[in-house]
Number of protein chains: 2
Amino acid sequence: MNDQLLHHHTLKVSCSSCSLRELCLPVGLNRDEMSQLDAVIRQSRRLKRGEYLFRSGEGFRSLYAVRTGFFKTCVASQDGREQVTGFQMSGELMGLDGISANVHGCDAIALEDSEVCELPFNRMESLGREIPSLQHHFFRLMSREIVRDQNVMLLLGNMKAEERLAAFLLNLSGRLASRGFAANDFILRMSREEIGSFLGLKLETVSRTLSKFAQQGWISVDHKHIKLDQPDSLKTLVSGCSQAHSH
Amino acid sequence: MNDQLLHHHTLKVSCSSCSLRELCLPVGLNRDEMSQLDAVIRQSRRLKRGEYLFRSGEGFRSLYAVRTGFFKTCVASQDGREQVTGFQMSGELMGLDGISANVHGCDAIALEDSEVCELPFNRMESLGREIPSLQHHFFRLMSREIVRDQNVMLLLGNMKAEERLAAFLLNLSGRLASRGFAANDFILRMSREEIGSFLGLKLETVSRTLSKFAQQGWISVDHKHIKLDQPDSLKTLVSGCSQAHSH
DNA sequence: TATTCGCCTTGACTAGCATCAACCAGTCCA
DNA sequence: TGGACTGGTTGATGCTAGTCAAGGCGAATA
């Protein structure tokens, strides 16, 4: 699976030692534009583990960028089945699905104590009209989400349990690595059931498949602590079923 | 399944007896804005059945709105597996996934002789800066695509073959009805295999499930000609597993 | 009219994942 | 300290949908 499977729109950060607000900014703005944007982004909000950032059906006003922590977004069916639609880590955006109907289309739940920046959408929209690169950035972010979703469809529609899980682990690994964390040694923030919901599998299948990978020596599993001992073996498993990229 | 499962961004039409260009417009523009937009939308392009509108990997320049006809969009994995990501009918948009990387992320193929309007994205973007309602319209279109994709994930991740197919038929029915066609008597434009690819099923399963529905008296199947004789039975089947909508 | 081809249907069999159930480890709380 | 609870693992079994295969129908072609 390519990098984009779960790879949410990362908002590029313009400096490393940055204020709360600067974290949520795209690059390429001049000083004046930066301060305009800065005025629009609201103070960040803290959430405890398990807390809802927003719920499906609530009025939509803002997008949210993860500053620290970890989230899941999910849609629920009428009879209570839950489909996790994504996991978001720092720099990634939530709430784009709310624009269409002015109502949030999914739940966003913190999987650990977290902090988000709030981006009031009206203001971002009007600011986009003044700053073309910002407008373009937003179109790209939304498009990236669509590409990610297409890759999830490919995963859910075509791949076997082992391929799904391997793709999932590699995707997490890549996103952590791009944030400066260890690529091959990490802690899962979500339960087996949540992984299963995202991948279209039952929790037992997730558990069994992890055990199988461990038994082959490809990974080490200690509860939520995962080590990728042979990431290439995982890559071999998903090569072929990931999206083809023409050049 | 709710209306949005496959329901692509319909571009609202401002008048009924309209020119080529007017078909692709959103509402709410004044005369002057209309003519600006009119200047940007290129003459429509005709495609024969089986022809590619664009291919994954090609440079992205424009979005395309279906004027007449029927399309599928699909992504291919490296080993040749194909996942149909959607079917588009008149008024629906294709190409939104190309914005993120300036490269088309899927193939778009005409399933019958068709006609599209081309919307050069650069120009639409700059026009959006001048016409706020147009900019907002585009954000909403992209968001709607994201919502649709989430619903497909719910379908692929949680639903059984019968539920998927019932949801598919009801969705098609609704979209046809909203265009003034008969809701319960229509011709499928795609093969069993394409339906299966979209729904994460094999063509034999699609065929068997259609036969099962027919045997129960819920639908009539004559090759690609489908009648929904008891649409409520299909609705019962999917009620529960469609997305919950809070109020 | 016969021929071929694409698309579909149906049957028999199988594989992969779900389901059901038992049990274990860690954690919270009384 | 003990009990209950949550989340995870593993095994046994069953069912759904996939696979393989044969054959039908209609359209296009010669």
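Let me start with DNA strand D and its phosphates: one phosphate oxygen of that strand is 2.8 Å from an N or O atom in the side chain of A:Arg192. I call that a polar contact, meaning a pair of N or O atoms within 3.5 Å; within protein, one must be able to donate a hydrogen and the other to accept it, and residues adjacent in sequence count only if both atoms are side-chain atoms.

Before going on, note that this is a predicted model: local features need pLDDT of at least 70, side-chain atom pairs count only at pLDDT 80 or more, and totals for chains, interfaces and linings use all residues. Residues are numbered from 1 along each chain as its sequence is written, chains are lettered from A and ligands numbered from 1 in the order in which they are written, and side-chain values use heavy atoms, with hydrogens and water left out.

Back to strand D. Its bases are contacted too: a base nitrogen of DNA strand D is 2.8 Å from an N or O atom in the side chain of A:Arg208, and a polar side-chain atom of B:Glu204 lies 3.3 Å from a base nitrogen of DNA strand D. Two elements give two or more residues to the surface near this strand, H6 of chain A and H6 of chain B. Helices here are DSSP runs of H or I with at least four residues, and strands are runs of E with at least two, numbered from the N terminus. H6(A) gives the most to the surface near DNA strand D, with 5 residues. Around the strand there are 17 residues, and among the nearest are A:Ser207 and B:Ala161. Near means that a heavy atom of the residue lies within 4 Å. Of the strand D atoms within 4 Å of the protein, 60% belong to sugar or phosphate and the rest to bases.

Now DNA strand C. Which residues are closest to it? They are A:Thr205, A:Arg208, B:Arg192, B:Ser207 and B:Ser211, out of 17 that surround the strand. Sugar and phosphate account for 61% of the strand C atoms that come within 4 Å of the protein. An N or O atom in the side chain of B:Ser207 is 2.6 Å from a phosphate oxygen of DNA strand C. The backbone also takes part: a backbone N or O atom of A:Ala161 lies 2.9 Å from a phosphate oxygen of this strand, and a polar backbone atom of A:Lys202 is 3.3 Å from one. Here H6(B) gives the most to the surface, with 5 residues.

Next, the two protein chains. A rotation of 180° with 0.0 Å of shift along its axis superposes chain A on chain B, with an RMSD of 0.0 Å. The two copies are thus related as by a two-fold rotation axis. The superposition is by least squares on the C-alpha atoms of residues with pLDDT of at least 70 in both copies. In chain A, the residue that comes closest to the axis is A:Arg129, at 2.3 Å for its C-alpha.

Last, helix H7 of chain A, residues 231-238. Its buried residues are A:Pro231, A:Ser233, A:Leu234 and A:Val238. They cover an arc of only 160° around the axis, which puts them on the same side of H7(A); the arc is that of the directions from the helix axis to the C-beta atoms. The face turned away from that side carries the exposed residues A:Asp232 and A:Thr236. Buried means under 20% relative accessible area, exposed over 50%, and partly exposed in between, with a 1.4 Å probe and protein chains only. After H7(A) comes A:Gly240, whose phi is positive, near 105°.
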